[in-house]
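Dear colleague,

Please find below the structure I promised to hand over, together with its sequence. My notes on what was found in it follow underneath.

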Amino acid sequence: MFRVIVILFACLFLTGCGRKAPPVPPEAARPRPPSAFRVILHPFFVELTVRVPVEDIRGYDLRRIKAFEISRSARPAGRPGPELHRTFRVPFGKSPAQQPLFTYRDRDLRPGWCYTYRVRAIKGFRSVSAWTPPRGFCWTTPPRPPENLTARRLFPHTVFLSWNPVTLDLHRFPLHGRVLYRVRRRTPAGETTFPPVPEASFYDTSARAGIRTCYSVEPLLSYYGTLVPGPQSPEVCLIP
């Protein structure tokens, strides 16, 4: 009996046997910042995407992210004016294993304004990650889609595309700025996007003979360092 009592006292007072570890403050277990932050422009909205953090700052796996917080600032493009700030939360409630990417679409865009976004992850009360680096762009009314797109086979593996230059925006007002064109090629093997070109024509010298190939053209309006995309043209298809 005496030996058992001695062992119990030694366990309790010398080694701390049976005691729980001290609680970890929420700040010490906050998530790592979201990664791979991208801002992707579309004709009618901007899409924000981040990779959901999988670990906290200690290196332990995260079971769940409660929400994401988005910070948005807006200022007039190319002129003095107020800078407007807005911060809001978007519920998430999933684990990184269930959904590794978080996506948000912002349709509240005003022509003539520049926008900057940041994103951070919220695990719980007082457990919030650091902000991502900011990403920004300037916005205006997108250009109209190109019209009268034609595709013609010239030589084996060579297709010539031409279309009418785009001069109006979606509201049919004249465009102020340079317009580039991004050609997309679709085949049964997948889609290829070519670098933008300034002319209203394009030579595809890598077309595959005997394969049904479809093309479309996306206009890009240069506006204060941003290429604002317009809707794509209807597809035209042929077999080179």
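I begin with a single residue: Tyr224 is exposed, at a relative accessible area of 52%, where exposed stands for over 50%, buried for under 20% and partly exposed for what lies in between, computed with a 1.4 Å probe and the protein chains only. Before going further, please note that this is a predicted model, in which local features need pLDDT of at least 70 and side-chain atom pairs count only at pLDDT 80 or more, whereas totals for chains, interfaces and linings use all residues. Residues are numbered from 1 along each chain as its sequence is written, and side-chain values use heavy atoms, with hydrogens and water left out.

Tyr224 forms an aromatic pair with Tyr223, and this pair is edge-to-face, with 4.9 Å from centre to centre and 85 degrees between the planes. The rule behind this takes the rings of Phe, Tyr and Trp (for Trp the six-membered ring) as paired if their centres lie within 6.5 Å, and calls planes under 30 degrees apart stacked, those over 60 edge-to-face and the rest tilted. Unlike Tyr224, which is exposed, Tyr223 is buried, with a relative accessible area of 14%.

By this rule the count comes to 11 aromatic pairs. One of them joins Phe160 and Tyr203, whose ring centres are 4.7 Å apart and whose planes meet at 45 degrees, so the pair is tilted. Because Phe160 belongs to strand β10 and Tyr203 to strand β13, this pair ties together parts that are 43 residues apart in sequence; helices (H or I, at least four residues) and strands (E, at least two) are DSSP runs numbered from the N terminus. Phe160 counts as buried at 17% relative accessibility, while Tyr203 is exposed at 52%. Elsewhere, Tyr115, Tyr117, Phe137 and Trp139 form one aromatic cluster.

Two arginines also lie over aromatic rings: Arg86 is over the face of Phe88, at 4.2 Å from the ring centre, and Arg118 is over the face of Trp131, at 4.4 Å from the ring centre. The criterion asks that NZ of Lys or CZ of Arg be within 6 Å of the ring centre and within 35 degrees of the ring normal.

The strands of that tilted pair lead to an open sheet of three strands, in the order β9-β10-β13 and with antiparallel pairing, where two strands are taken to pair if DSSP finds at least two bridges between them. Its edges are β9 (150-155) and β13 (201-204), each with a single partner strand, so one side of each is left without a neighbour in the sheet. The twist averages 20 degrees from one strand to the next, taken between lines fitted to C-alpha atoms, with angles running from 0 to 180 degrees between N-to-C directions. Five bridges join β9 to β10 (residues 158-162), and Arg153 stands opposite Val159 in β10. These two strands form a hairpin with two residues between them, and His157 in the turn has a positive phi of about 70 degrees. On its other pairing, β10 is joined to β13 by four bridges, with Leu161 opposite Phe202. Four of the five residues of β10 are buried, which leaves this strand mostly covered.

Another open sheet of three strands has the order β1-β2-β5, again with antiparallel pairing. Here β1 (35-41) and β5 (101-106) stand at the edges with a single partner strand each, so one side of each lacks a neighbour in the sheet. Five bridges join β1 to β2 (residues 46-51), and Ser35 has Arg51 as its bridge partner in β2.

A further residue to inspect is Leu221 in strand β14 (residues 213-223), which counts as buried at 3% relative accessibility. Leu221 and Pro143 are 78 residues apart in sequence but 6.6 Å apart in space, C-alpha to C-alpha. Leaving aside residues up to four places away in sequence, Leu221 touches, among others, Thr140, Pro143, Leu175, Val179 and Val228, contact meaning heavy atoms within 4.5 Å.

For the protein as a whole, there are one helix and 16 strands, and buried residues make up 40% of the 240 residues. Among contacts between residues at least 6 apart in sequence, 63% join residues at least 24 apart.

With best regards
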